[in-house]
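I opened this notebook to record what I looked up in the structure. The entries follow the order in which I consulted it.

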Amino acid sequence: MFALGIDPGLTRCGYGAVERSGPGQPFVARAAGVLETSPSVELPLRLGQLAVELAALLDELRPDVVVVEKVFFQTNVKTAMSVAQASGLAIAAAALREIPVVQMTANEVKLALTGYGAATKEQVQAMVGQRLGLDQPLKPADVADALALAITHLGTSVLSAAIARSGAGA
């Protein structure tokens, strides 16, 4: 399975594509980076630019699933609004291509990846690097967060499917 994680943001939108051929198999990063828009440009143009770049990314990578970080809580309303707008663009771009979308909060990802829901950015970066067999920590954090979303989905979807097959979830 091939998952594309999106860490939404208007100034920096991180993405990370991870593949895993099956349970117990290694995670393999296929692509990672950041889509950027300039804060000096008007909001409608920034949203348009991000929409075009997300569409191109999905068309190029063709993931099986898109995993988008869900805005759970933000103390800064302005930041929360721009993150929500970027999130909506990613979800819409996937939906237009009939690609399933999964949303996860940062705390859900941290808990699944590190075992601690309040893990630091550095701990997430270290665990992502370990899972992908990388020697250096991933930077910026937006890239590590996007890869963490994809890794978490690929790791937990296998568990969820096994529970559903066994009837234990009923």
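**Entry 1: Glu98.** I began with Glu98, which lies in the loop between α2 (77–96) and β5 (101–105). I noted that the model is a predicted one. I then looked up the backbone of Glu98 and found phi near 60 degrees, a positive value in a residue other than glycine. Is Glu98 buried or exposed? Its relative accessibility is 73%, so Glu98 counts as exposed, the cut-off for that class being over 50%.

**Entry 2: Arg62.** I turned next to Arg62, in the loop between α1 (43–61) and β4. Although Arg62 is not a glycine, it has a positive phi of about 50 degrees. I also looked up its accessibility: Arg62 counts as exposed because the relative value is 65%.

**Entry 3: the loop between α4 and α5.** I located Pro140 in this loop. I then examined the peptide bond that leads from Lys139 to Pro140 and recorded it as cis, with omega near 0 degrees.

**Entry 4: Gln125.** Which residues does Gln125 touch, leaving aside those up to four places away in sequence? I listed Leu138, Lys139, Pro140, Ala141 and Ala144. Both residues of the cis peptide bond, Lys139 and Pro140, are thus among the contacts of Gln125. Gln125 itself is found in helix α4, which covers residues 121–132. I recorded Gln125 as buried, because its relative accessibility is 9% and the class requires a value under 20%.

**Entry 5: Leu138.** I looked up the contacts of Leu138 in turn, again not counting residues up to four places away in sequence. Leu138 touches Gln125, Val128, Leu132, Val143, Ala144 and Leu147.

**Entry 6: the nonpolar cores.** I consulted the largest nonpolar core, which has 22 residues. Which of its members touch the most other members? They are Val18, Leu113, Val128, Leu132, Leu138, Leu147 and Ile151. I then asked which elements give two or more residues to this core, and noted β4 (65–70), α3 (106–114), α4 and α5 (141–166). The most comes from α5, which gives 8 residues. I also recorded a second, separate core of 21 residues, with Leu4, Leu10, Cys13 and Ala17 among them. As a general remark, nonpolar side chains tend to be buried together in soluble globular proteins.

**Entry 7: points to keep.** I close with two reminders for my own use. Arg62 counts as exposed, whereas Gln125 counts as buried. Leu138 is in contact with Gln125 and also belongs to the largest nonpolar core.

Conventions
Residues numbered from 1 in each chain as written. Predicted model: local features only at pLDDT ≥ 70, side-chain atom pairs only at ≥ 80, totals over all residues. Heavy atoms only, no water. Helix = DSSP H or I, 4+ residues; strand = E, 2+ residues; numbered from the N terminus. Buried < 20%, exposed > 50% of the residue type's maximum accessible area, 1.4 Å probe, protein only. Contact = heavy atoms within 4.5 Å. Core = buried A, V, L, I, M, F, W, Y, C linked by side-chain atoms within 4.5 Å.
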